[in-house]
Amino acid sequence: MKIRNFDHFAATRMRPEVKEAMESFFIDEYGNPQSIHALGDEPRETLGKARNQSAELLNAAINEVIFTGSGSESNNLAIKGTAFARMDKGKHIIVSKIEHFSVLNAIKSLSRLGFEFSEVSVDKYGSVDPGDVKNALRKDTILVSITHASNEIGTIQDIKEISKIVHENSAAYMHADANTSCGFIETDVKDMGVDMLSASPHRFYGPKGTGLFYLKKGIRIMPLIDGGIQEFGRRAGTENVPAIAGVGVACELAKKELKDRTAHLLPIQKAIKDGVLGSLDEVYLNGHPEHRLPNNLNFVVKYIEGESMLMWLNNNGIMTASGSACTSKILKSSHVLNAIGVDPALAQGSLLISLGEDNTLEDAEYFVKELPPIVKKLRQMSPLYNTNRNNK
């Protein structure tokens, strides 16, 4: 059976160019880039090259790019690093209600240390009102962290306007979680006006176990890992040179192919959206209808559970998700869907589709053909569906 991956937010297949860039550093060029002898030369040069490739994708300076171990680590570095460095100036942090758990759980940990946080609401599409951020600012606000695009519903936020408001009305730092958006839409840190930004290369055909962190020159944070001088003293530990080499190539490809990726993904996204909504009743699209990522769709299907759909789709060779990879095993409705006003019972029937370069229009047609019979079969077994039908 052909495997059709509609769960690219969980992981993407590394591009061959990425794998090729990594290979020599596992055995042949195994030196430490901090070594001053010859064994460190090639790793050190590659580290600099990858940093430059990453900086070009973000439109940042080379010394503003820090390599981390994951997008979650980058988010924690932004939030906890800021909190510990600026606690003498205040202990108030602003986030939205639809942030990734690496943000929400980081601020919850800080709350046990005396920090306070405000959660800004979103509208029915998952959009943050910049005016609400302005109203939430306080004299002791030290950080505002807003996702660039939701990893569940795909809604893209107006980070540029939010950053402008934050900087005009406070001394707080502005952080954007771009772990889902980077590599598929523009993440120009200068245009966005952010002080910090997180990105996750494994979501745009780079290696797993890697993260990118942009830190604007002059912004002060406290390292979470103490040790040596690696990563400009912001993240100690011997650099993972093979992975970093791969990150650099993934960033170079993303910058080169950004428009082509969108052009490839949009027709597939539209075919699935139109096909699903046109063939099934009581199915709803979550997220903004226009201002959303080109590789995301999120539906709720009334009367059935998302997990059941995933199992049946899996049996037909379709790999998809119900909520983010970090929350799909938690037996409760998505906090993102709750925040946009989806009824918790309805939210249990969520279906998250994330597309990639290996998807085709033929995949979309197959998905649209296979989903309706599965939904019909599951609804026939659903007491809620049968009760509702009998009452009509």
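**From a partly exposed helix end to the buried strands and core**

Glutamine 380 is partly exposed, with a relative accessible area of 47%, a value that lies between the 20% under which a residue counts as buried and the 50% over which a residue counts as exposed. The model in which this residue is seen is a predicted one. Glutamine 380 belongs to helix 12, which covers residues 361-380, and although 76 residues separate glutamine 380 from isoleucine 304 in sequence, their C-alpha atoms are 9.6 Å apart in space.

From this residue one can turn to the chain as a whole. The protein chain contains 13 helices and 12 strands. Its radius of gyration is 22 Å, close to the 21 Å given by the globule rule for 392 residues, so the protein chain is as compact as a globular protein of that length. The C-alpha trace spans about 75 × 50 × 35 Å along its principal axes, and 55% of the 392 residues count as buried. When contacts between residues at least 6 apart in sequence are considered, 74% of them join residues at least 24 apart. The surface that the protein chain exposes amounts to about 17200 Å², of which carbon and sulfur atoms supply 52%.

The strands come next. Strand 10 (residues 296-301) has 6 of its 6 residues buried, so this strand is largely enclosed by the rest of the structure. In a regular strand, side chains alternate between the two faces of the sheet. In strand 10, Asn296, Asn298 and Val300 point one way while Leu297, Phe299 and Val301 point the other way, and all of these residues are buried. Strand 10 pairs with strand 9 (residues 283-285) in the antiparallel sense over 3 bridges, and it is joined to strand 12 by 5 bridges, again with an antiparallel course. Phenylalanine 299 takes part in both pairings, since it is the bridge partner of leucine 285 and also that of leucine 351 in strand 12. Leucine 297, for its part, stands opposite isoleucine 353 of strand 12.

Strand 12 (residues 350-354) is likewise mostly covered, with 5 of its 5 residues buried. Ser350, Leu352 and Ser354 lie on one side of this strand and Leu351 and Ile353 on the other, so that residues on both faces are buried.

In soluble globular proteins, nonpolar side chains tend to be buried together. Here the largest nonpolar core holds 77 residues, among which Val194, Leu197, Phe204, Ile272, Phe367 and Leu371 touch the most other members. Helix 8 (residues 241-279) gives the most to this core, contributing 11 residues. Leucine 197 offers a closer view of such packing: leaving aside neighbours within four places in sequence, its contacts are with Leu58, His175, Ala176, Ala178, Val189, Met192, Leu212, Phe213 and Tyr214. A second, separate core has 22 residues, including Ala106, Phe115, Ile142 and Leu215.

A last stop is a buried polar residue in a loop. Threonine 155 is placed between strand 5 (141-147) and helix 6 (159-169), and its relative accessible area of 0% makes it buried. The side chain of threonine 155 reaches the backbone oxygen of tyrosine 125 at 2.6 Å. Not counting residues up to four places away in sequence, threonine 155 touches Tyr125, Gly126, Ser127, His148, Ala149, Ser150, Gly287, His288, His291 and Arg292.

How values were computed
Residues are numbered from 1 along each chain as its sequence is written. This is a predicted model: local features need pLDDT of at least 70, side-chain atom pairs count only at pLDDT 80 or more; totals for chains, interfaces and linings use all residues. Side-chain values use heavy atoms; hydrogens and water are left out. A nonpolar core is a set of buried Ala, Val, Leu, Ile, Met, Phe, Trp, Tyr and Cys residues joined through side-chain atoms within 4.5 Å. Buried means under 20% relative accessible area, exposed over 50%, partly exposed in between (1.4 Å probe, protein chains only). Helices (H or I, at least four residues) and strands (E, at least two) are DSSP runs, numbered from the N terminus. Contact means heavy atoms within 4.5 Å. Two strands pair if DSSP finds at least two bridges between them. The radius of gyration is taken over C-alpha atoms; the globule rule is 2.2 Å times the number of residues to the power 0.38. Accessible areas come from the Shrake-Rupley method with a 1.4 Å probe; for residues, only the protein chains shown count as cover. A polar contact is a pair of N or O atoms within 3.5 Å; within protein, one must be able to donate a hydrogen and the other to accept it, and residues adjacent in sequence count only if both atoms are side-chain atoms.
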